[in-house]
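Work through the exercises below with the structure open beside you. Try each task before reading its solution.

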Amino acid sequence: MGEIYGGHLVARYLKEVEGITTVFGLCGGHIDRILDGFLEYGVDMVDVRHEQAAVMMAQSWSIFRSRPGVCLVTAGPGFTNSLTGLVNAYLDNAPVVLLSGTAPVRDWEKGALQDMRQADMVKSVVKWSGVCYDIKRLPEYLAKAIRHAVSGRPGPVFLELPPDILNIKVSEEEVPLPRKGSTVYKSAPDSAAVGEAASLINSSEKPLIIGGSGIGFSDCDKELLDFVNKTGIPFMLLNNGRGAIPDEHPLSLWNGGQLAMLAALPQTDLVISLGLRFNWLLMHGQGFPQAKVVRVDIDPTEIDRNRSSDVGLVGDIGLSLRELNSLVKQRDFSGWMKVVRDAYLPLIADEVSQRERTTEPIHPARLVEQIKKATEDNAIYVIDGGDTSYFASVGLKAKEKSGVISAAAGLFGCLGTGVPFGIGAKMARPDKMVVVINGDGSFGFNAMEFDTAVRHNIPFVCVIFNDQAWGMIKHGQELVYGSERVVSSELGVVHYEKVVEGLGGYGELVTTDDEIVPAIRRAMDSGKPACVNVLTDPTVTSPATLLLVGGLTIE
Ligand SMILES: Cc1ncc(C[n+]2csc(CCOP(=O)(O)OP(=O)(O)O)c2C)c(N)n1
């Protein structure tokens, strides 16, 4: 054994111990030795055009590979640019490992280039943060960071790696490699609580299952399907749990989208919540006071957050469901299901008929339908935008876990996630067609990542719902302030397809209904990162915007 640079030790640990072969990032002098190590040990760096996108790609990778996503940024502006992606990962509970350069420790407080206390700044938006000062402890710190990211409720972590230790050598014998940090240890819930939950479920007349990303993290598709099939309870799966049972399952409420859930919650007598936070999207748990609540979560602090639960199961969702499955009774809730369907189907009747109608300009609900036709509905869909997000998330159906990801509809509501998430998804699942559905405003934030996709040969199709505005905000202004007081929310016709062509991708502009399917098919066939820029009806306001500004209430 010889000597090894600290920067090479980072690469060696990631590759040889964790089996990480792909890292997302952007270069900088402070981290060059790690990049050199990537060459040495065969770690591929997907080099992006903005650090925010690197973190978002790592998050997407973590979803589609069920592994931690690793990203690497340089000191100062590289670090600050990454913050938006980091907060997005934090609020989505995503196991993202952000490795960052920093000014040399020996020069701190001397006015060195990019000298700032990054680890202090990041504390409130990560699960764990650390700075490694000792070359011999590099593998230990990496293992610790990864362990924090994947354990319990997952989340992003931040590890600062000073050049003082990256650019010196150490004898390899002096640095034992710890065991893999990314091993996930699952814990089962208390059996007495499982028994109580089962009796509540068995005595309920109008139960409803709602599930979230905890299902995605637990990888429990089979246990969940067994639970739903045995109990016969209607369900709605959200976030990264969506698709764990396909949306077209007869007990799924996804044919009514979020409105279906909002219509069902005030009528149910038992909410069974699986790995889902009662945040503002669930009215902080206040919208169903009549119901009893069973909450299953890996994080004990979620059990009574915002509203008490009647029973809380603390543990892995899959293990919890496995125990419940042996105790719950076979039931038939078709009567209750009909009540729920009768409540929400009228709410989306108009939208459903729009899907079949050819109009000029194109209605966004129709565009979603045509995208499904073009892909033969066999794709991973990533959604980004305001009104666009609503129409796409309701119109599309997830056929597998995370088959439809509303990247911008997380707690951070972060526009611009679509293109990076699409690239991360395609890298993680090269066998699948990936279609990004983007509002025209949202597209702009990370449009330069088409260059990343071209350089790395990552083909996907981005369909822009171009309503020539920051639609959700514009329509909100119209509703609240009046249409004569629309301000700073219009964009006009921009030829985004030419931007993508200019970056080496494939681009088409579409203005009529009959051109949508052929254009998307040509884009898929091009084998390049592609953009189909579709002009849509600028007057259409989504129910999501109406709900947000109080223009729609659900009884
Ligand atoms: C990064 C970021 N900036 C601003 C906002 C505020 N915002 C919410 S919705 C929206 C409009 C989105 O417009 P577009 O992407 O064109 O989608 P559309 O609503 O037109 O479908 C804006 C600006 C945000 N959520 N995220």
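## Exercises on a predicted model

S18, helix H22 (residues 513-525) and S19 form a β-α-β unit that is right-handed. The model is predicted.

**Exercise 1.** Find out how strand S19 pairs with S17 and with S18.

*Solution.* Start with strand S17 (residues 461-466). S17 and S19 are parallel and pair over 6 bridges. Within this pairing, Phe-465 has Val-534 of S19 as its bridge partner. Now take strand S18 (residues 506-510). S18 runs parallel to S19, and 5 bridges join the two. Here Glu-508 has Val-532 of S19 as its bridge partner.

**Exercise 2.** Decide which residues of S19 point one way and which the other, and whether they are buried or exposed.

*Solution.* Recall the rule first. Side chains in a regular strand alternate between the sheet's two faces. Then sort the residues. Ala-530, Val-532 and Val-534 point one way. Cys-531, Asn-533 and Leu-535 point the other way. Last, check burial, which means under 20% relative accessible area. In S19 (residues 530-535), 6 of 6 residues are buried, so the strand is mostly covered.

**Exercise 3.** Work out the strand order of the open sheet of 6 strands, and say which strands stand at its edges.

*Solution.* Read across the sheet: the order is S3-S2-S4-S5-S7-S6, with parallel pairing. Strand S3 (44-47) and strand S6 (128-131) each have a single partner strand, so one side of each has no neighbour in the sheet. These two are the edges. On average, neighbouring strands are turned by 20° against each other, direction ignored. Look at one pair inside: S4 and S5 are parallel and share 5 bridges. In that pair, Cys-71 stands opposite Leu-98 in S5. Finally, add a helix. Helix H2 (residues 32-41) packs on the sheet and touches strand S2 (22-25), S3 and S4. The direction of H2 makes about 135° with that of S4.

**Exercise 4.** Check the span of helix H4 (residues 77-91), then describe its bend and its surroundings.

*Solution.* H4 has 15 residues. At 1.5 Å a residue, the expected span is 21 Å. The end C-alpha atoms are 22 Å apart, which agrees. Next, the bend: H4 has a kink of about 40°, centred on Leu-83. Leu-83 is also one of the buried residues of H4, which include Phe-79 and Leu-86. Among the elements covering the buried residues are helix H3 (51-65) and helix H17 (418-428). H4 also lies across S4, S5 and S7, at about 170° to S5. After H4 comes Asn-93, with a positive phi near 55°.

Key
Residues numbered from 1 in each chain as written. Predicted model: local features only at pLDDT ≥ 70, side-chain atom pairs only at ≥ 80, totals over all residues. Heavy atoms only, no water. Helix = DSSP H or I, 4+ residues; strand = E, 2+ residues; numbered from the N terminus. Expected span 1.5 Å × (residues − 1). Bend = angle between axes of the 7 residues up to and from the residue. Buried < 20%, exposed > 50% of the residue type's maximum accessible area, 1.4 Å probe, protein only. Contact = heavy atoms within 4.5 Å. Pairing = 2+ DSSP bridges. Axes fitted to C-alpha atoms, helices over the stretch in contact; angles between N-to-C directions. Right-handed = clockwise from strand over helix to strand, strands pointing away.
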